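Hi everyone, thanks for coming. Could you bring up the sequence and the structure on your screens, so that we can walk through them together?

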Amino acid sequence: MLGTVFLLLVALCASGGFGEEREEVQRPGHVSVIIVGSTGDLARKYLWQGFFQLYVHQVSSGHTFSFYGGGLSPAEKATPVLFEILKAVTCSKDVSPERCAIIKDQFLRLSQYRQLKTVEDYQHLAKHIEQQLQQEGMSEAGRLFYLSVPAFAYADIAEKINSTCRPTGGPWLRVVLEKPFGHDYNSAQVLATQLRSFLNEDEMYRIDHYLGKQVVSKILPFRTENGKVLDRIWNRHHIERIEIVLKETLDCKGRAAFYNEYGVIRDVLQNHLTEVMTLLTMKLPANVSNSEEVLRNKLQVLGSMLPLGKNQAVVGQYQAYKTEIQQELNKTKDHVSLTPTFAAVLAHMDEPQYEGVPILLISGKMLDERVGYARILFKNDVFCVQNHHSVLCKPKQIVFYFGHGSLQYAAVLVSKNLFKPVLKDHEWKEVTEHADVNILGLHISDYYVHTLIKEKEAYAELISHVLAGRKNSFISTENLLASWGLWTPLLIGLTGSFPRIYPGGADNGDMLDVHLKGKEIHYSSEVLIIEPDHVGGTAANSFQVMQGKFRSTDMVSAWTEELVERLAADMEEAAVAAVNTGTVFHLALSGGSTPLALFHRLALHHFAFPWWNTHVWMVDERCVPQTEPESNFYNLHQHLLQHVRIPYYNVHPMPVQLNQRLCVEEDGGALLYETELSRLVNGSSFHFVLLGVGYDGHTASLFPRGKLSELGENLVALTESPTKPHQRMSLTFSAINRARKVALLVMGKGKHELVTQLSRVKDTADKYPVTGVKPANGSLVWYIDYDALLG
């Protein structure tokens, strides 16, 4: 016989949409709780404990309960596992051991495992619930499904629930969904559409456990309770910036498969930190308990955000991550992951109240401490001439401290030079005795500190909200898509970006420090070097991008990713400048493997590049069919051209195959290309030429001892290579040196010896053809990575 357990449930107004919470109480009835994925890590750590806590708190209130653990495993295999989990649940300190033992025994007797794999399994569950109701003579209040499973399984389970387990008549159905809710805007939209086919909007509870943190749920009440003071200063005239930070010391071990697909932005910023941001900046609702108004005001915040692009973010990756990925995902040692484990994003709102106020969202793994907080830093117009330690001159700030860190407990802190806060809540108390700690630039004694009388676990809080039908602590479909609409362009813009490598922990030093410039964010130091022999050891040394001279011409040097980023930016700048003058941009690109990283960056990162007004020419080509991988044009097309919107008639491959023959001088391919170049390019002067340099000093397909002096004034010529395929077609010095800008890209440790030689030799084009690159009226810039420059 089931023990009688009562629970007062608050109903939502209308099916299919959010309404205001009603105050009337539903009639008593039976509540069936089904956790799908009941023996997984999340259920083991949080969910069963959360449901047990709710059961403890409601044990004498009126409704009856039954709890079902569901999963794909057969019952005989999973039942012992489930009950080991259930035996580990605990009561809070305010429950006596005797009472706890009785309630825990009841909870165990009310729980059972059921295999939930097929439609028939769900049909059997529904039949079991209905038979139980009939046998016990109980009326039904509702059914709660908690889907603690991967998101790809949501639609299939929702369909089974809808077709077999939906209660009829008055009882409610509530389905809780765990993040991630999609991978980007399109996938989230597809998932939302699938779910809407089986569930009404008011039946879905997308959970973000951050909204269950008591400090986070206190943000709106705090703003309301202190409205008389905050209404005056909660605006751009007084707020200097807003910071929302979540730092972790852990790595990604054990979560590599998930993390490598999602990364820190999808894992933390798009959901947790964005939700906190909306609570801090939204228009205050007339009633903070009104779900519809809260969600509507959050939506207004997301709609007012300025677009996020590559210049609004910096990303990093802790150094050991590469090895962890290789080991856990069985990748080869040369596998490189671009997944960020650290991100700092600068957001702004297109809203008069917050115009120009920077909003920083920062999170990362393997940082110096575990801590989370939201800080509102206010401008301080007081300057202390002599007593610089006066409280009047210290930072003026409000901190919603999520926990951990030096304080170790959750709290709301208001600096004493701001105002004394009011917290009209019996669950909070003022702290007057402090440990000797500093919080964000102030000693704890410089704050008014309020903390919780009793901290509650976030999942337990949200589970109680689900049963109460409180939707303002959950994510609506509309708000979810608006959030992805904000973050997806940034994620696309960062595709192919190389994250800054950092050693982890205290050794990070100032490597991840950022500075804000207008609406852009950058690392404070442009390039950092981690000595290979000091991994995980001493702090890393830092170097800025080096700009100097090499062979008496301009040189830019950096680590490879930074160098490629700089070169791509310079190329885009030249293209935009040319197009802005009303002309088209003529770009000549060389072959080989060196520029592939540049091609990738241009294709995946530089969406403002004016490809429609760009003509792409070849610097040189091997005499092979252009459908073969050895062809320079084939690689250019594969890695760049097919990924950008460039008219086909703006692409100019070298005509190495004419009359079904390859590079026969009588066919006049070189002359044909020169004629086309002279016809389309003003003065045969390219705006930008990209060159590389071979180990033997050749550039383009101009090789040592290649009788270069005999090419005369020809712009294009057939040449001979010392390696197969021997025959080539190439621009000559006459064409290259007419260019307005020539970039010489040199990368890799294998080029270090050559770079050293070139730094010493004189101009000897016959021996080192690259020394013959001397633009007559243009500029030459060497782009040399640190591997090639320093060895």
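I'll start with the whole chain, then go to the cores, one helix, a few single residues and the salt bridges.

Please keep in mind that this is a predicted model. The protein chain has 791 residues, and 55% of them count as buried. Along its principal axes, the C-alpha trace spans about 100 × 75 × 50 Å. In terms of secondary structure, there are 21 helices and 36 strands. If you take the contacts with a sequence separation of 6 or more, 75% of them join residues 24 or more positions apart. As for the surface, about 35,000 Å² is exposed, and carbon and sulfur atoms supply 50% of that.

Now the inside. In soluble globular proteins, nonpolar side chains tend to be buried together. So how many residues does the largest nonpolar core have here? The number is 124, and the residues with the most contacts inside this core are Phe 145, Leu 147, Ile 265, Leu 269, Ile 398 and Phe 400. Helix α10, residues 256–281, gives the largest share of this core, with eleven residues. A second, separate core has 79 residues, including Trp 617, Val 644, Leu 731 and Ile 784.

Let me zoom in on Leu 269 from the largest core. Leaving out residues up to four places away in sequence, Leu 269 touches Val 264, Thr 274, Ala 343, Val 345, Leu 361, Ser 363 and Trp 487.

Next, helix α15, which covers residues 560–580. Does its length agree with expectation, or disagree? It agrees: at 1.5 Å a residue, its 21 residues should span 30 Å, and its end C-alpha atoms are 30 Å apart. The buried residues of α15 are Leu 563, Val 564, Leu 567, Ala 568, Asp 570, Met 571, Glu 572, Ala 575 and Ala 578. Among the elements that cover these buried residues are strands β25 (553–558), β26 (585–589), β32 (688–692), β35 (741–746) and β36 (779–785), along with helix α16 (596–605). Just after α15, Gly 582 takes a positive phi of about 95 degrees.

One of those covering strands, β36, is also the place of Trp 782. Is Trp 782 buried or exposed? Its relative accessibility is 2%, so Trp 782 counts as buried. Not counting residues up to four places away in sequence, its contacts include Phe 550, Arg 551, Met 555, Leu 744 and Val 770. Leu 744 is 38 residues away along the chain, yet the C-alpha atoms of Trp 782 and Leu 744 are separated by 4.8 Å.

In the loop between α20 (752–758) and β36, we find Pro 775. Pro 775 counts as buried because its relative accessibility is 15%. Apart from neighbours within four places in sequence, Pro 775 is in contact with Asn 737, Ala 739, Val 742 and Leu 780.

Another loop residue is Thr 732, between β34 (727–731) and α19 (733–736). Thr 732 has a relative accessibility of 2%, so this residue counts as buried too. Setting aside residues up to four places away in sequence, Thr 732 touches Leu 702, Leu 711, Asn 714, Leu 715, Val 716 and Ala 717.

For a contrast, look at Val 336, in the loop between α12 (321–328) and β9 (342–347). Val 336 counts as partly exposed because its relative accessibility is 49%. Together with Leu 338 and Phe 498, Val 336 makes a nonpolar surface patch of about 240 Å².

Last topic: charges. A search of the whole structure finds 32 salt bridges, and I've picked three of them to show you.

In the first of my picks, the side chains of Glu 201 and Arg 206 meet at 4.0 Å, N to O. Glu 201 is buried, with a relative accessible area of 13%, and Arg 206 is buried as well, at 2%.

The next pick joins Arg 661 and Asp 667 at 2.5 Å, N to O. Here Arg 661 counts as partly exposed at 38% relative accessibility, whereas Asp 667 is buried at 17%.

The final pick is Arg 241 with Glu 240, at 3.5 Å, N to O. Arg 241 is partly exposed, with a relative accessible area of 22%, and Glu 240 counts as partly exposed at 36%. Both belong to a network of salt bridges that also links Glu 243 and Arg 375.

That's my tour, and I'm happy to go back to any view you'd like.

Technical notes: Residues are numbered from 1 along each chain as its sequence is written. This is a predicted model: local features need pLDDT of at least 70, side-chain atom pairs count only at pLDDT 80 or more; totals for chains, interfaces and linings use all residues. Side-chain values use heavy atoms; hydrogens and water are left out. Patches are made of residues with over 30% relative accessible area and no salt bridge: like charges are joined within 9 Å, nonpolar side chains (Val, Leu, Ile, Met, Phe, Trp, Tyr) within 5 Å. Accessible areas come from the Shrake-Rupley method with a 1.4 Å probe; for residues, only the protein chains shown count as cover. Helices (H or I, at least four residues) and strands (E, at least two) are DSSP runs, numbered from the N terminus. Buried means under 20% relative accessible area, exposed over 50%, partly exposed in between (1.4 Å probe, protein chains only). The expected span of a helix is 1.5 Å times one less than its number of residues. Contact means heavy atoms within 4.5 Å. A nonpolar core is a set of buried Ala, Val, Leu, Ile, Met, Phe, Trp, Tyr and Cys residues joined through side-chain atoms within 4.5 Å.
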